[in-house]
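Trainee: Could you walk me through the aromatic side chains in this one, slowly and in detail? I'd like the geometry along with the cut-offs behind each term.

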Amino acid sequence: MNRIAAAILLAFTSFAAVAQAPAVPAASVSASAPARAYDLEADVTRVMKTFDVPGIAIAIVKDGKVVAARGFGVRKLGEPAPVDGKTIFEVASNSKAFTAAALAMLVDEGKLEWDDKVTRHLPDFQMYDAYVTHEMTVRDLLVHRSGLGLGAGDLLWWPTTSFTTDEIIGQLRYVRPATSFRNSYAYDNLLYIVAGKIIAQKAGKPWGDAVRERILKPLGMNATTTSLAENAGNANVSAPHSKINGKAAAVRALPVPNAVGAVGINTNAEDIARWMTVLLDGGAIAGAPKDAQGKEARLFSEAQSREMWTAQTPMKISEPKPTLEATKPNFFAYGLGFQLRDYKGRKLALHGGALQGFYSRVVMVPEAKLGIAIFTNAESGGALTSLQYRLLDHYLDAAPSDWIKLISDVETQTRNKDLAKQKSASATRAAASRPSLPIAAYDGEYNDAWYGAVTIKPVGGKRVMSFARTPDLTGELEHFQHDTFIVRWKERNFNADAYVTFSLNPDGSIERMKMAPVSSETDFSYDFADLLFTPAKKKDAKEAK
């Protein structure tokens with residue numbers, strides 16, 4: 001998720017068998033839908049044009065019925081195939097709710113407790129601090145209060161890396177905390193990977209197989225997958241799109257099989273409607289046959305439903321731009337796999353998701369029995385947020401606002417401010433300065449405690465930086481000023497170019513290398529700023545023999 005999208009979102013923003021649920025009709029109309037006219041297609045069309053989004057899928061459920069499960073636009077720019085209610089999208093961090101629900105089911109079954117120590121289930125689990133290792137609970141894995149910084153360690157899995165899930169969990173012991181344990185909220189993905197590992201351990205099978213067996217199959221979410229590999233035989237899959245030189249373009253999908261507990265789900269509008277319906281029903285599976293004792297079929301208990309939607313970690317309430325003042329919540333917190341806040345006097349349970357080329361948002365209003373899911377095949381938080389508030393205003397019978405224009409204006413202002421900052425940095429740099437050392441002296445291998453190795457070497461007359469475990473993080477270094485360079489990634493859709501700064505020892509040798517994103521719009525999962533590279537020890541002639 002880029003910084004603009006994140007800012008707007010935060011400102012608003014062995015298992016027991018379960019009975020099979022009947023299929024949910026894709027376009028049944030709720031009798032309780034508002035009588036006030038609303039032209040969904042007109043809004044979506046305008047959003048796609050305003051925010052440069054090729055395709056959008058929307059699901060709306062109200063009072064247990066599906067009001068809409070449909071698509072708009074195209075799956076891939078330049079091709080005619082349309083998005084419809086069956087088109088598959090990557091939903092990224094909206095997968096966290098599935099991980100939370102799977103753990104809730106284990107709690108119902110007495111196979112773990114929310115406040116069990118993680119080491120009770122994963123004895124080898126280890127954080128940087130021994131006290132945190134000992135005290136970390138299953139609940140702590142889900143609520144973003146571990147002391148890790150924003151997106152800490154994400155470069156272990158993003159962009160696609162060669163680390164295994166177990167290696168990622170093992171590297172946690174080297175990731176330094178940003179704050180004290182349980183001190184404050186900071187969004188992370190790595191601990192959801194740990195949570196997914198616990199689910200896999202209890203199931204005796206991979207996270208994806210466990211989620212499919214326990215959640216997807218009982219709910220009839222038969223099109224939903226838990227890896228990109230499973231999408232291979234399905235023609236109705238959306239392509240991802242990223243901005244390249246400011247314009248949306250189709251890009252490669254990037255699989256992240258080592259991070260499924262955090263971002264593994266791929267689904268469509270029809271299936272997500274089933275998921276929202278069960279969540280809004282407190283875990284009950286409507287229409288499914290009762291068991292032998294006459295009890296209703298449930299995915300998880302009402303008690304666990306309340307637990308997931310109960311505030312666990314307070315979140316800072318940011319001051320929105322004056323034009324967006326109506327979106328400011330009175331409370332803002334994280335539950336178990338969901339953000340919690342209010343809007344127009346109603347409690348919301350929601351979450352966003354972002355991976356290369358896809359953004360998604362799932363918003364539920366428990367009191368109104370309303371669920372809204374919005375999927376896009378582009379990286380636009382503004383598209384999601386403007387539609388979210390248009391739909392909430394309609395279904396909550398609130399006076400409508402032109403959120404599309406208001407949010408577009410804020411995005412434009414923020415982007416222009418960022419571009420001006422970059423331009424100023426370029427204009428005020430010491431352009432005539434030179435590196436302290438001969439350019440070849442910067443070549444070599446550098447190591448970071450938790451990521452590992454990067455190399456700088458000459459390639460075709462250029463200096464090229466390569467991340468050893470991330471094949472796509474390769475780019476040319478260009479001199480910026482003094483001992484600072486900029487790495488321009490070969491994959492231009494990453495929009496994550498970074499400053500690379502070297503510090504020297506008194507004898508003129510390189511002491512360390514640090515990185516920082518050039519743009520404030522860079523996705524926080526490119527957590528370059530957390531890396532501290534030191535030169536690899538060079539073997540002397542005797543060691544080399």
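Mentor: Sure, here's a look at the ring pairs, and then at the strands around some of them. Bear in mind that this is a predicted model, where local features need pLDDT of at least 70, side-chain atom pairs count only at pLDDT 80 or more, and totals for chains, interfaces and linings use all residues. Residues are numbered from 1 along each chain as its sequence is written, and side-chain values use heavy atoms, with hydrogens and water left out.

Rings of Phe, Tyr and Trp (its six-membered ring) pair if their centres lie within 6.5 Å; planes under 30 degrees apart count as stacked, over 60 as edge-to-face and the rest as tilted. By this rule the count is 23 aromatic pairs. Take Trp 157 and Trp 158: their centres are 6.1 Å apart with 55° between the planes, a tilted pair. Trp 157 and Trp 158 are both buried (under 20% relative accessible area, with exposed over 50% and partly exposed in between, using a 1.4 Å probe and protein chains only).

Now for Phe 163 and Tyr 451. Their ring centres sit 5.7 Å apart and the planes are at 75°, so this pair is edge-to-face. Phe 163 is in the loop between helix H6 (138-142) and helix H7 (165-171), while Tyr 451 is in the loop between strand S13 (444-448) and strand S14 (452-459), so the pair ties together parts 288 residues apart in sequence. Helices (H or I, at least four residues) and strands (E, at least two) are DSSP runs, numbered from the N terminus. Phe 163 is buried at 6% relative accessible area, and Tyr 451 is buried at 2%.

Phe 163 also has a charge over its face: Arg 469, at 4.1 Å from the ring centre. That label requires NZ of Lys or CZ of Arg within 6 Å of the ring centre and within 35 degrees of the ring normal. Ring pairs also link Phe 163 and Tyr 451 into a cluster with Phe 467, Trp 489, Phe 494, Tyr 526, Phe 528 and Phe 533.

Trp 489 takes us to the strands. In S17, Trp 489 stands opposite Gly 475. Strand S16 (residues 474-481) and strand S17 (residues 484-489) pair in the antiparallel sense over six bridges; two strands pair if DSSP finds at least two bridges between them. S16 and S17 belong to a closed barrel of eight strands with antiparallel pairing, running S13-S14-S15-S16-S17-S18-S19-S20.
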